[in-house]
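Welcome, and have the viewer ready. This report walks through a model's nonpolar cores, one of its pockets and some of its charged pairs.

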Amino acid sequence: MTDTDTDRATDAEHTARAHWSVAPGAGEIRLETLPSPRAGEARVRALYTGISRGTELLVRRGDVPPSQHARMRAPFQEGDFPFPVKYGYLSVGVVEDGPADLVGRRVFCLHPHQDRYVVDASMLTPLPDAVPSRRAVLTGTVETALNALWDAPPCAGDRIAVVGGGLVGGAVALLLRRFPLARLQIVDPDAARRRQLAETGLDTVAPEDATGDCDLVFHASASESGLATALALLGDEAELVEMSWFGAREPRVPLGEDFHSRRLRITASQVSRIGAARRARRDPAARLATALELLADPAFDTLIAADVAFDEIDDAYAALEDGRIGPGCVVVAYPDSP
């Protein structure tokens, strides 16, 4: 290796490329200085990141409400809402430098879209051997779904509907299919999405064909019509778990007619706090580890909508906005990813 080659290798170790949202609907890849790992830190080379469609499109549009700026900060976010901001939280990579027990291992990290980064080693969760790196970008989504089941634990023999078969709703349904339920239906107006989920063995129906009198309904469509459908499917004194985040929008909620006389309940579920049923006995690290173990199921691959190269990430955001990419997670592949 020549001196010039050595200089280039050293420079590469101290630079990184990261995606920033810089204006409504616009982003760019910026070159950043990468610090050398200190004691207790690790340098990670990204293999894949995932675009969390709902939250990240709200960020890209600049639609995070000012009242939620602090609450919605990602763990390794840089910049402030609305712009410019480096955002994201679904990263899978390989540890290049750091603690000896982590070097060479595949890990998950709540990091934005960036090809290499240095973080405290405690923020890295090693992947189980049974979980492929590409599928592991769904860890945050499965963690969100798991948390919803802790917010409203299903019981054997329950009749359950999941309204909205996108990324989050699909993950909830794939977890629920493990339970001994009397009925589980995925309700979605998109016929193509219903066919995809049906291939995993799930019972999928259009809204007009859904069966009511449910004990529990999970709503994840992020639409007013989906919310109305979810409430209509509840049996008396049953519970709706609201998982959609509407950002700055103010959806109409049909609380008239028999909502009160039937004593229906709406529970908000959000991953920032451990679900109430497990809050005293689980912490975020334990929940994350459980989500990774659950991802050994290859059925979760159906939640991946498309694959793009890192240099094409802004085109992928635009395709999500205008509907050219269907429901599910967009996986961003980095150079040298398998």
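What follows covers the cores, then a pocket, then the salt bridges.

Please keep in mind that this is a predicted model.

**Nonpolar cores**

The largest nonpolar core holds 57 residues, and within this core L176 and F218 touch the most other members. Helix α4, which spans residues 167–176, gives the core its largest share, seven residues. If you centre your view on F218 and leave out residues up to four places away in sequence, you will find contacts with A148, L149, A152, I160, A161, V162, V163, V172, L176, V241 and M243. There is also a second, separate core, made of 25 residues, with L57, V95, I313 and Y317 among them. As general background, nonpolar side chains tend to be buried together in soluble globular proteins.

**The second largest pocket**

The second largest pocket has a volume of about 160 Å³. Its lining consists of A228, L231, A232, P254, G256, E257, D258, F259, R262 and L264. By residue class, this lining splits into six nonpolar, one polar and three charged.

**Salt bridges**

Side chains of opposite charge can pair when their charged atoms come close. The structure contains 23 salt bridges, and the table lists some of them.

| Pair | Closest N to O | Sequence separation |
|---|---|---|
| E96 and R43 | 3.0 Å | 53 residues |
| R60 and E321 | 3.9 Å | 261 residues |
| D307 and R134 | 2.8 Å | 173 residues |

Where do E96 and R43 lie? E96 is in strand β6 (residues 91–97) and R43 in strand β3 (residues 41–51), so their salt bridge ties together parts that are apart in sequence. E96 is partly exposed, with a relative accessible area of 30%, whereas R43 is buried at 9%.

The pair of R60 and E321 links distant parts of the chain, with R60 in helix α2 (residues 53–61) and E321 in helix α8 (residues 313–321). R60 is buried, with a relative accessible area of 6%, while E321 is partly exposed at 30%.

For the third pair, D307 sits in strand β16 (residues 304–309) and R134 in the loop between β9 (125–126) and α3 (139–151). Both partners count as partly exposed: D307 has a relative accessible area of 43% and R134 one of 29%.

Finally, which residues are joined into one network by salt bridges that share partners? They are R43, R45, E96, D97 and R116.

Conventions:
Residues are numbered from 1 along each chain as its sequence is written. This is a predicted model: local features need pLDDT of at least 70, side-chain atom pairs count only at pLDDT 80 or more; totals for chains, interfaces and linings use all residues. Side-chain values use heavy atoms; hydrogens and water are left out. A nonpolar core is a set of buried Ala, Val, Leu, Ile, Met, Phe, Trp, Tyr and Cys residues joined through side-chain atoms within 4.5 Å. Buried means under 20% relative accessible area, exposed over 50%, partly exposed in between (1.4 Å probe, protein chains only). Helices (H or I, at least four residues) and strands (E, at least two) are DSSP runs, numbered from the N terminus. Contact means heavy atoms within 4.5 Å. On a 1 Å grid over the protein atoms alone, a cavity is a set of points where a 1.4 Å probe fits but cannot get out, and a pocket is an open set with protein on both sides within 12 Å along at least five of seven lines; lining residues have an atom within 4 Å of a point. Grid points are joined across faces, edges and corners, and a volume is the space filled by probe spheres set on the points. Ala, Val, Leu, Ile, Met, Phe, Trp, Tyr, Cys and Pro count as nonpolar, Asp, Glu, Lys and Arg as charged, and the others, Gly among them, as polar. A salt bridge is a side-chain nitrogen of Lys or Arg within 4 Å of a carboxyl oxygen of Asp or Glu.
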